[in-house]
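Student: Could you take me through one part of this model closely, the packing of a helix against its partners? I would also like to hear about the cysteines and a few loop residues afterwards.

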Amino acid sequence: MSNTTIKKVIGFIGLGVMGEPICRNLAAKSGTQVIAYDLDTAPLQRLAAHGVQAAPNATAVMQAANVIFLSLPSGEIVAQLCRQDNGLLASARTGQTVVDLSTSPVDTTRALAREFAARGTRLVDAPVARTRAAAEAGTLAVMVGANPEVFETVKPLIATFASDIVLCGPVGCGQVLKILNNMVLFETVVAMSEAKAIGEKAGVNPSVLFDILSKGSADSFALRNHGMKAVLPGEFPERAFSVLYARKDLKYALQLARDAGVDARGAAVVDGWFQQAIDCGMGEKYHPVISRLIAGQG
């Protein structure tokens with residue numbers, strides 16, 4: 001790890017599906033004391049075996065750490081945690097760096113960056129992509145919004161849980177890239193679900209269909225993972241990237257599109273499928289479950 005990296009104490013707030021394995025990798029590979037907090041005590045108990053110290057609340061993490069990672073369900077929760085009485089902003093001090101691994105609205109991220117900067121604290125947006133398995137393996141993809149100097153100080157820490165780390169531009173640009181990445185993924189899932197439904201009704205074995213698609217120009221990460229591992233076998237577990245979480249990210253993309261004056265009607269179609277899935281009680285299921293609705297199996 002470079003000498004320029006801030007590494008006295010690392011803080012971590014949010015130990016959910018992605019946060020817990022990310023925190024564990026940080027503790028195992030950074031060579032630095034990690035102090036963490038989550039509303040659920042179970043992940044804190046599991047992480048204690050890896051040397052992670054439990055904090056009584058988020059404020060205690062902010063007060064103890066030099067670099068603080070956030071892994072929270074939404075930008076709204078990030079903003080609330082930062083701005084509430086005795087929140088992160090109230091405890092922020094000169095020289096700290098807050099790294100938001102959550103997917104948050106771009107305008108929220110940039111506004112919080114200005115508010116932290118007024119207290120001498122740097123905010124970096126670093127939303128993560130890929131799966132929980134990638135988080136466990138330390139092979140996430142991370143899209144970072146920061147100036148180059150700040151990026152270099154946090155990159156070695158991010159490298160403890162990510163294999164692909166890209167500086168996308170100044171603060172907020174990491175969120176833009178993550179939001180658009182997810183938008184393209186969701187639209188691709190709809191396309192492959194439509195292909196499966198049409199092909200199956202036309203007499204084609206869906207396994208053969210997906211195999212042939214993977215050998216042609218329709219091949220994609222989404223096909224090989226979301227298609228072959230979820231849509232094809234019909235496996236849509238909970239505690240994966242649910243319809244509710246996916247729709248939250250898609251709403252951020254649609255807001256970006258409106259702000260940019262772009263007619264993102266493909267994304268709007270996906271939003272309609274997500275809403276239908278939620279209405280049918282599928283909101284907690286892995287988001288490719290919309291393939292069931294597209295096939296008329298709702």
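Tutor: Happy to; the helix packing comes first, then the cysteines, then the loops.

This is a predicted model, in which local features need pLDDT of at least 70 and side-chain atom pairs count only at pLDDT 80 or more, while totals for chains, interfaces and linings use all residues. Residues are numbered from 1 along each chain as its sequence is written, and side-chain values use heavy atoms, with hydrogens and water left out.

Let us start with helix 9, residues 173-201, and helix 12, residues 243-260. Helices here are DSSP runs of H or I with at least four residues, strands are runs of E with at least two, and both are numbered from the N terminus. The axes of helix 9 and helix 12 come within 9 Å and cross at roughly 110 degrees; axes are lines fitted to C-alpha atoms, for helices over the stretch in contact, and angles run from 0 to 180 degrees between N-to-C directions. That makes helix 9 roughly perpendicular to helix 12, a label for angles of 65 to 115 degrees, with under 35 counted as roughly parallel, over 145 as roughly antiparallel and the rest as oblique. The crossing of helix 9 over helix 12 is left-handed, that is, the near helix is turned anticlockwise from the far one by less than a right angle, clockwise being right-handed.

On the helix 9 side, the contact is made by V176, K178, I179, N182, M183 and F186, and on the helix 12 side by A246, D249, L250, Y252, A253 and L256. Contact means heavy atoms within 4.5 Å. These residues divide into 9 nonpolar, 1 polar and 2 charged, where Ala, Val, Leu, Ile, Met, Phe, Trp, Tyr, Cys and Pro count as nonpolar, Asp, Glu, Lys and Arg as charged, and the others, Gly among them, as polar.

Helix 9 also meets helix 13 (265-279). Their axes come within 9 Å and cross at roughly 70 degrees, so helix 9 and helix 13 are roughly perpendicular to each other. This crossing, too, is left-handed. From helix 9 come M183, F186, E187 and V190, and from helix 13 come G266, A267, V270, W273 and F274. The contact of helix 9 with helix 13 divides into 7 nonpolar residues, 1 polar and 1 charged.

A264 sits in the loop between helix 12 and helix 13. Leaving aside neighbours within four places in sequence, A264 is in contact with L254 and A257.

Now the cysteines. A disulfide is a pair of cysteine sulfur atoms within 2.5 Å, and by this rule the count is 0. C173 is in no disulfide, since the nearest cysteine sulfur, that of C168, is 7.2 Å away. C173 is buried, with a relative accessible area of 16%; buried means under 20%, exposed over 50% and partly exposed in between, using a 1.4 Å probe and protein chains only. The sulfur of C23 is 18 Å from the closest cysteine sulfur, in C82, too far for a bond, and C23 is buried at 0% relative accessibility.

Finally, two loop residues. N86 has a positive phi near 60 degrees, although N86 is not a glycine; N86 lies between helix 4 (75-83) and helix 5 (88-91) and is exposed at 60% relative accessibility. R130, also not a glycine, has a positive phi near 95 degrees; R130 is in the loop between strand 7 (128-129) and helix 7 (132-137) and is partly exposed, at 41%.
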